[in-house]
Amino acid sequence: MNQPDPSKINGIIEGLANKRVLVVDDDEFVCELVAKVLTRYLGMEVYKANDGSEAIAAALTGRYDCALIDLVLPKTSGHKAIRTIRTMMPNFPIIAMTGQGPDEAIRSMRRLGITRVMQKPFKLVALIEEVTNILSGGKTMPAEK
């Protein structure tokens with residue numbers, strides 16, 4: 001994951017500063033890196049969780065604008081956490097982070113009603129673009145045919 005070129009992201013920060021994002025990953029390095037990028041380049045407030053149970057509790061009690069959730073998590077899987085959150089908050093924007101193959105991940109995410117999928121490893125510029133897209137009314141994933 002390379003550092004984003006600030007010249008490529010100028011202009012997308014407006015309106016995103018102080019948005020609240022939930023980042024859930026059991027890999028502390030990934031969690032910390034995503035949090036730093038969202039804080040530094042977009043001015044967002046980031047809450048980090050390391051397992052699915054924490055993700056559910058945080059999403060249902062906090063006031064977040066979106067969440068980035070890894071699918072493979074301890075205690076409660078990312079799939080189950082997303083299903084639970086989706087039941088209580090059907091329109092809450094969720095970006096799934098996964099190392100699964102693209103076809104498998106996309107089929108799985110459509111069933112969960114996920115907003116977007118990011119394949120790991122991803123470029124930090126792609127992370128910024130995805131978060132910016134969903135928080136500025138970007139399209140969700142197309143429905144399964």
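The paragraphs below lead through a predicted model of one protein chain, from its overall pattern to some of its individual residues.

The secondary structure of the protein chain consists of six helices and five strands, and anyone who reads along the sequence meets them in the pattern α-β-α-β-α-β-α-β-α-β-α. Of the 145 residues in the protein chain, 46% are buried. Among the contacts with a separation of 6 or more, 67% are between residues that stand 24 or more positions apart.

A pair of helices makes a good place to begin. Two packed helices are described by the angle between their axes and the distance between the axes. Here helix α3, residues 52-61, packs with helix α4, residues 78-88, at an angle of about 15 degrees, and their axes are 9 Å apart. That angle makes α3 roughly parallel to α4, since any angle under 35 degrees counts as roughly parallel. The crossing of the two helices, α3 and α4, is right-handed.

Which residues of α3 and α4 meet each other? From α3 come Gly52, Ala55, Ile56, Ala59 and Leu60, and from α4 come Ala81, Thr84, Ile85 and Met88. Sorted by class, this contact of α3 with α4 has seven nonpolar residues, two polar ones and no charged ones.

One residue of this contact can be followed further, namely isoleucine 85, which is found in helix α4. Isoleucine 85 has a relative accessibility of 0% and therefore counts as buried, the cut-off for that word being under 20%. Leaving aside residues up to four places away in sequence, isoleucine 85 touches Ala55, Ile56, Ala59, Ile69, Phe92 and Ile94. Isoleucine 85 and alanine 58 are 27 residues apart in sequence, while the distance in space from C-alpha to C-alpha is 9.8 Å.

The next topic is charge. Side chains of opposite charge can pair when their charged atoms come close. In this model the count comes to six salt bridges, where a salt bridge requires a side-chain nitrogen of Lys or Arg within 4 Å of a carboxyl oxygen of Asp or Glu. One of the six is formed by lysine 48 and glutamate 32, whose closest N and O atoms are 2.4 Å apart. This pair links distant parts of the chain, with lysine 48 in strand β2 (residues 45-49) and glutamate 32 in helix α2 (residues 28-42), 16 residues apart. Lysine 48 counts as partly exposed at 30% relative accessibility, and glutamate 32 is likewise partly exposed, with a relative accessible area of 28%.

Another salt bridge brings together the side chains of lysine 75 and aspartate 51, at 3.6 Å from N to O. Because lysine 75 lies in the loop between β3 (66-70) and α4, and aspartate 51 in the loop between β2 and α3, the pair ties together parts that are 24 residues apart in sequence. Is each partner buried or exposed? Lysine 75 is exposed, with a relative accessible area of 74%, whereas aspartate 51 is buried, with a relative accessible area of 4%.

Aspartate 70 and lysine 120 form a further salt bridge, in which the closest N and O atoms are 3.3 Å apart. Here too the pair links distant parts of the chain, for aspartate 70 is in strand β3 and lysine 120 is in the loop between β5 (116-119) and α6 (124-135), 50 residues apart. At 6% relative accessibility aspartate 70 counts as buried, while lysine 120, at 25%, counts as partly exposed. Salt bridges that share partners join Asp25, Asp70 and Lys120 into one network.

Lysine 120 also leads on to the backbone, where a cis peptide bond, with omega about -10 degrees, joins lysine 120 and proline 121. Proline 121 has its place in the loop between β5 and α6.

The backbone angle phi is worth a look in two other loops. Asparagine 18, found in the loop between α1 (6-9) and β1 (20-24), has a positive phi of about 70 degrees although it is not a glycine. With 56% relative accessibility, asparagine 18 counts as exposed. Lysine 75, already met in its salt bridge with aspartate 51, also has a positive phi, near 65 degrees, in a residue other than glycine.

Definitions and conventions
Residues are numbered from 1 along each chain as its sequence is written. This is a predicted model: local features need pLDDT of at least 70, side-chain atom pairs count only at pLDDT 80 or more; totals for chains, interfaces and linings use all residues. Side-chain values use heavy atoms; hydrogens and water are left out. Axes are lines fitted to C-alpha atoms, for helices over the stretch in contact, and angles run from 0 to 180 degrees between N-to-C directions. Helices (H or I, at least four residues) and strands (E, at least two) are DSSP runs, numbered from the N terminus. Angles under 35 degrees count as roughly parallel, over 145 as roughly antiparallel, 65 to 115 as roughly perpendicular and the rest as oblique. A crossing is left-handed if the near helix is turned anticlockwise from the far one by less than a right angle, and right-handed if clockwise. Contact means heavy atoms within 4.5 Å. Ala, Val, Leu, Ile, Met, Phe, Trp, Tyr, Cys and Pro count as nonpolar, Asp, Glu, Lys and Arg as charged, and the others, Gly among them, as polar. Buried means under 20% relative accessible area, exposed over 50%, partly exposed in between (1.4 Å probe, protein chains only).
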